[in-house]
Amino acid sequence: MTSPTPPLRPTVFFFCRLGDMVMLTSLLSVLHRRYRLPCQVIGTGSWTPAVYFGNPDVHAVWSFHRHVPFVFEGAWRAVRRALRESDPGPIYVCERHYRQLPRIRRMLALSGINSQRCLCLTDEALQGPEHLVDRLVRFGSRTPSALHESDYPPCTDPTAGSPRLYVLEHERAECSAWVEAQGWSNRKIVLIQPGNHRSMGPRRERWRRLKSDDKWWPLERWATLLRKIHQRMRDAVIVLRGSAEEIPMLREIESAAGLASVAVAGQGLRQLFALMEAAHSMISVDTGPAHAAAALNLPLVVLYGAESPLHWLPRSPGGSAVLAVGGAPGSTRADEISAETAFDAWCSLVERLTPLRRRVGHR
């Protein structure tokens, strides 16, 4: 009788921002099912491990700084050892950035990795417009030359290829306690994400002054939208959230709205995930937290600038509604979207909310 093939530990490299790392969970799920062991993930940013807490498709996560030589970082020795110990496990390099891709190749070379274990996303040309999730799932069906596809056939489970995040039980309990402490226990929570990576970076004031951020939506327009939401759903609390660097901007919007039902929250990533799971709905610019919201089945509206929703619309594993407003080819800046248009999209979203979220305990 033929012996079953041994399970293998896949390794995935991706040096990207939050939204991409959320979409990466679709590939991790596919690879886990295919090779029968959860993946090890290598990325950048101190926040990266937090994205994958509780994810059954992830075995270990290491992160590097984007602009520091990796050989000087504490994670390097552990990563080199893990790469060697995972032999002959497949290595999927999802990186596309022209500066970061050579860096990953140096990591592999210094680890003495057999190149036949490796596949690179950029080795296969794009075949027309394609959503990143679809591209990643298709990438997961490729087989390194060191392995035989017949031994590890590609995953055919249609439920595996959706981004998915996980909230731990103690995080739910902490979120519930925090919501109760705010006096919001019996109120719907509508989350608002006005900022993106430019609004929390060191050059955020320059982006704002020059109006060169295509995802920027004027503060007075946010204030108008919040007042419209309050008129439609008076029992709701509207929570503006963002990073610590974005708190001053959020306070400006809160002040301009002039509503007692508007609050500002600057929680960390895991606290945000738990709050998303408990929320009623969300309105966001095209940014990483929007992808996180969809991956947690939170219905949302996304405001686009120059990017196309065809390529970047967040996806939900449970089929919760995600509505796009603006974006290429119809528009190239978020500030071309009126407050009325954004509000109408949110109203449409509210009308489409399904009993599913009520059954799983969402407000």
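This is a short tour of a predicted model, stop by stop, with something to select at each one.

**Stop 1: helix H8**

Start by selecting residues 219–232, which form helix H8. H8 is 14 residues long and spans 20 Å from its first C-alpha to its last, close to the 20 Å expected at 1.5 Å a residue. Now colour its buried residues: Leu 219, Trp 222, Ala 223, Leu 225, Leu 226, Ile 229 and His 230. Where do they sit around the axis of H8? They cover an arc of only 160 degrees, which puts them on the same side of the helix. The spacing has a familiar background: an α-helix has 3.6 residues a turn, so residues three or four places apart point the same way. Turn H8 over to the face directed away from its buried side, and you will find the exposed residues Glu 220 and Gln 231.

**Stop 2: where H8 meets H13**

Keep H8 on screen and add helix H13, residues 339–352. The two axes come within 9 Å and cross at roughly 35 degrees, and the crossing is right-handed. To display the contact, show Arg 221, Thr 224, Leu 225, Lys 228, Ile 229 and Arg 232 on the H8 side. On the H13 side, pick Ala 339, Glu 340, Ala 342, Phe 343, Trp 346, Cys 347, Val 350 and Glu 351. What is the make-up of this contact? Its residues divide into 8 nonpolar, 1 polar and 5 charged. Leu 225 and Ile 229 deserve a second look, since they are listed among the buried residues of H8 and also take part in the contact with H13.

**Stop 3: two covered helices**

Next, select helix H10, residues 269–278. H10 is mostly covered, with 8 of its 10 residues buried. The buried set consists of Arg 270, Leu 272, Phe 273, Ala 274, Leu 275, Met 276, Glu 277 and Ala 278. Charged side chains are worth picking out here: Arg 270 and Glu 277 are both in that set.

Move on to helix H11, residues 288–295. How many of the 8 residues of H11 are buried? The count is 8 of 8, so H11 is largely enclosed by the rest of the structure. Click along Gly 288, Pro 289, Ala 290, His 291, Ala 292, Ala 293, Ala 294 and Ala 295 to see them.

**Stop 4: unusual backbone**

Some background for this stop: most residues other than glycine have a negative phi, and most peptide bonds are trans.

Step just past the end of H11 to Asn 297, where phi is positive at about 65 degrees. Asn 297 belongs to the loop between H11 and strand S10 (300–304). Its relative accessibility is 21%, so Asn 297 counts as partly exposed.

Then jump to Arg 36, another residue other than glycine with a positive phi, near 75 degrees. Arg 36 lies in the loop linking helix H1 (18–35) and strand S2 (39–44). With 38% relative accessibility, Arg 36 counts as partly exposed.

For cis peptide bonds, there are two places to visit:

- Asp 87 to Pro 88: this bond is cis, with omega near 5 degrees. Pro 88 is in the loop between helix H3 (75–85) and strand S4 (91–93).
- Ala 328 to Pro 329: this bond is cis, with omega near 5 degrees. Pro 329 is in the loop between strand S11 (322–326) and H13, the helix you met at the second stop.

**Stop 5: three single residues**

Select Asp 20, which is in helix H1. Is Asp 20 buried or exposed? Its relative accessibility is 14%, so Asp 20 counts as buried. Beyond its neighbours within four places in sequence, Asp 20 is in contact with Phe 14, Arg 96, Leu 132 and Trp 312.

Now find Cys 155 in the loop between helix H5 (132–139) and helix H6 (169–181). Cys 155 has 23% relative accessibility and counts as partly exposed. Leaving aside neighbours within four places in sequence, Cys 155 is in contact with Val 30, Arg 33, Arg 34 and Ala 160.

Finish at Ala 125, in the loop between strand S5 (118–120) and H5. At 57% relative accessibility, Ala 125 counts as exposed. For a last distance to draw, connect the C-alpha atoms of Ala 125 and Ser 26: 99 residues apart along the chain, they are separated by 20 Å.

How values were computed:
Residues are numbered from 1 along each chain as its sequence is written. This is a predicted model: local features need pLDDT of at least 70, side-chain atom pairs count only at pLDDT 80 or more; totals for chains, interfaces and linings use all residues. Side-chain values use heavy atoms; hydrogens and water are left out. Axes are lines fitted to C-alpha atoms, for helices over the stretch in contact, and angles run from 0 to 180 degrees between N-to-C directions. Helices (H or I, at least four residues) and strands (E, at least two) are DSSP runs, numbered from the N terminus. A crossing is left-handed if the near helix is turned anticlockwise from the far one by less than a right angle, and right-handed if clockwise. Contact means heavy atoms within 4.5 Å. Ala, Val, Leu, Ile, Met, Phe, Trp, Tyr, Cys and Pro count as nonpolar, Asp, Glu, Lys and Arg as charged, and the others, Gly among them, as polar. Buried means under 20% relative accessible area, exposed over 50%, partly exposed in between (1.4 Å probe, protein chains only). The expected span of a helix is 1.5 Å times one less than its number of residues. The arc is that of the directions from the helix axis to the C-beta atoms.
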